[in-house]
Structure formats: structure tokens, C-alpha cells
Amino acid sequence: MGHFASSTSLAIELVLHALAPARCAACDARVKLLAAFCPACASTTEAAPAGAAAALVYAGAVAAAIVRMKYASRPDLARPLGDLLWRSVEPRAAAWRGALVVPVPLHPVRLAERGFNQSALLAARVVGRLDGRFEPRGLVRTRETPRQTTLDRAARATNVAGAFRARDASVVRGRAVLLVDDVATTGATLDACARALLDAGAASVGRAVVAVAAHRVVAASQGAVQSEPRTRWRS
Ligand SMILES: [Zn+2]
């Protein structure tokens, strides 16, 4: 299927989903308009603590929804998950008004496999609300990296260090940049992306994710730096 055909079918799919009744992002049960989850699924979610730059802890329904979006070809879930992402940004919105909004990029090979970059679709949901400028290709991934799932914390940082660069430094120079991803596991990917943006001259880099790994929340609240995730997932 060519690029045109696949983007056309994606557009049609998005329109059909926009016209369909609202459904739970985790289980597809009908929900009230603007609710991301049905009551049963919502009861499995846990708000991320203030300062985590995330809406929810990565567990339960939000983990299910993110996995569905990425691996079950559900780009339409960018709508409810993007609204959750906004929850993490809204308290800081004044600081990031007018920012460049840049998603963590996928390697072109992964992008071709999946057909969309989930982080770009999520980022697109907050741009307008920030009066920001969307730079879906502000960062490029310069090499494919093994899936982070198989690696421990130190190996994850090594794995992604130097894997990103700003596509055009003149775009980011002197700008406030809000970096968006779906999940922060150890934060190594976001760190590497932030490094690349600062190296290109960005004035400041903020982060926003839908969900943060539980062990990072524990680490943040206890001041610890070493902890193992309770659960593992594909990133
Ligand atoms: Zn549900």
C-alpha cells in the first residue's frame, strides 16, 4: 500500500471514529462524551503525583489503552489519550504557552511498520491548547535502538544516548520546547531527546507524557535513583 493510500485510509478511519459514539480507550465500552475510560477501567487508574510530568501511573487501563494504540493499530485512541496528556500539561500551560511541541520520534523503520508515530498524534492534541507550534519532525532518530524492554536501567541510557538530533537547529534555537512521549519508563529516551534539543540551542525543554512508570514515581517520592520497574512493557 502506497503512502497516499495508507494516509487516506487513516484519515477515513479517524473520521469514522470521530462520528462513532465515545468508547472507553481500554475496553471499547460506551462512555459519556469526553470520558477516556468507562467507570470499571477508570477505577484501575492512578493519578501521577504532581511533578511527574505525567497524567497517570503506567498501569491498568491506561497501560492497556497505550498498548492498544501502538500495537493494535488504534491511532484513534490519540483523542482520549491526548486529552489525558493535556491533564499533565494544563497546570504548567502558562509556562509553555507558544512553545514548540516536539514528539519523541520513531525510527523510520518502526514508523513504517506502525504507520503512525503515537507521540506525534498525542502531541498534536495539546498544540492548539498551548497556542504552540507543532514540529512533528523537530527531532530525528539517527539510529535504530533495541527495544528498551529488554534492557536494565543503565543499558537503557546507553542504548538511546546520541540516538537523536534536531533536524534543523535554526528551528529550535532560543525556543522553549515541550517534548511529548506516550510513556516515561526510566526517562532515558526523554533525557536523550532533551540533550539533543539543548545541544541545538533550545532555551528550555519541558516534558509531558501520558503515563509514567510506577518505579519512577517511587523513586521521585523517596528520593531514590535506583529501583526496578514493577511491570515491564514494550516501549
Ligand atoms: Zn473500559
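Colleague: Which residue is the bridge partner of Pro103 in strand 6?

Modeller: Pro103 has Val180 as its bridge partner there. Please note that this is a predicted model, in which local features need pLDDT of at least 70 and side-chain atom pairs count only at pLDDT 80 or more, while totals for chains, interfaces and linings use all residues. Residues are numbered from 1 along each chain as its sequence is written, and side-chain values use heavy atoms, with hydrogens and water left out.

Colleague: How many bridges join strand 2 and strand 6?

Modeller: Four bridges link strand 2 (residues 100-103) to strand 6 (residues 176-184), in the parallel sense. Elements are DSSP runs numbered from the N terminus: helices are H or I of at least four residues, and strands are E of at least two. Two strands pair if DSSP finds at least two bridges between them. Leu100 also faces strand 6, standing opposite Val177.

Colleague: And what does strand 2 do with strand 3?

Modeller: Strand 2 and strand 3 pair in the parallel sense as well, over two bridges. Val101 is opposite Phe134 of strand 3.

Colleague: Are the residues of strand 2 buried or exposed?

Modeller: Leu100 and Val102 on one side, and Val101 and Pro103 on the other, are all buried, and both faces of strand 2 are thus covered. Buried means under 20% relative accessible area, with a 1.4 Å probe and protein chains only. Strand 6 is mostly covered too, with eight of its nine residues buried.

Colleague: What is the strand order in the sheet?

Modeller: The order is 1-7-6-2-3, with five strands in an open sheet and parallel pairing. Strand 1 (54-57) and strand 3 (133-134) are at the edges with a single partner strand each, so one side of each has no neighbour in the sheet. Further in, strand 6 and strand 7 pair over eight bridges, and Val177 has Val205 of strand 7 as its bridge partner.

Colleague: Which strands does helix 3 lie across?

Modeller: Helix 3 (residues 60-71) lies across strand 1, strand 6 and strand 7 (204-212), at about 105 degrees to strand 7. Helix 7 (residues 118-127) also packs on the sheet, touching strand 2, strand 3, strand 6 and strand 7, and makes about 130 degrees with the direction of strand 6. Axes are lines fitted to C-alpha atoms, for helices over the stretch in contact, and angles run from 0 to 180 degrees between N-to-C directions.

Colleague: Changing topic, how do helix 3 and helix 4 cross?

Modeller: The axes of helix 3 and helix 4 (residues 78-89) come within 10 Å and cross at roughly 130 degrees. That makes helix 3 oblique to helix 4; oblique covers the angles left once those under 35, over 145 and from 65 to 115 degrees are set aside.

Colleague: Which residues make the contact?

Modeller: Val62, Ala65, Ile66 and Met69 of helix 3 meet Ala78, Leu81 and Leu84 of helix 4, contact meaning heavy atoms within 4.5 Å. By class, seven are nonpolar, none polar and none charged. Ala, Val, Leu, Ile, Met, Phe, Trp, Tyr, Cys and Pro count as nonpolar, Asp, Glu, Lys and Arg as charged, and the others, Gly among them, as polar.

Colleague: What about helix 4 and helix 7?

Modeller: Their axes come within 8 Å and cross at roughly 60 degrees. That makes helix 4 oblique to helix 7. The contact has eight nonpolar, one polar and three charged residues.

Key:
Buried means under 20% relative accessible area, exposed over 50%, partly exposed in between (1.4 Å probe, protein chains only).
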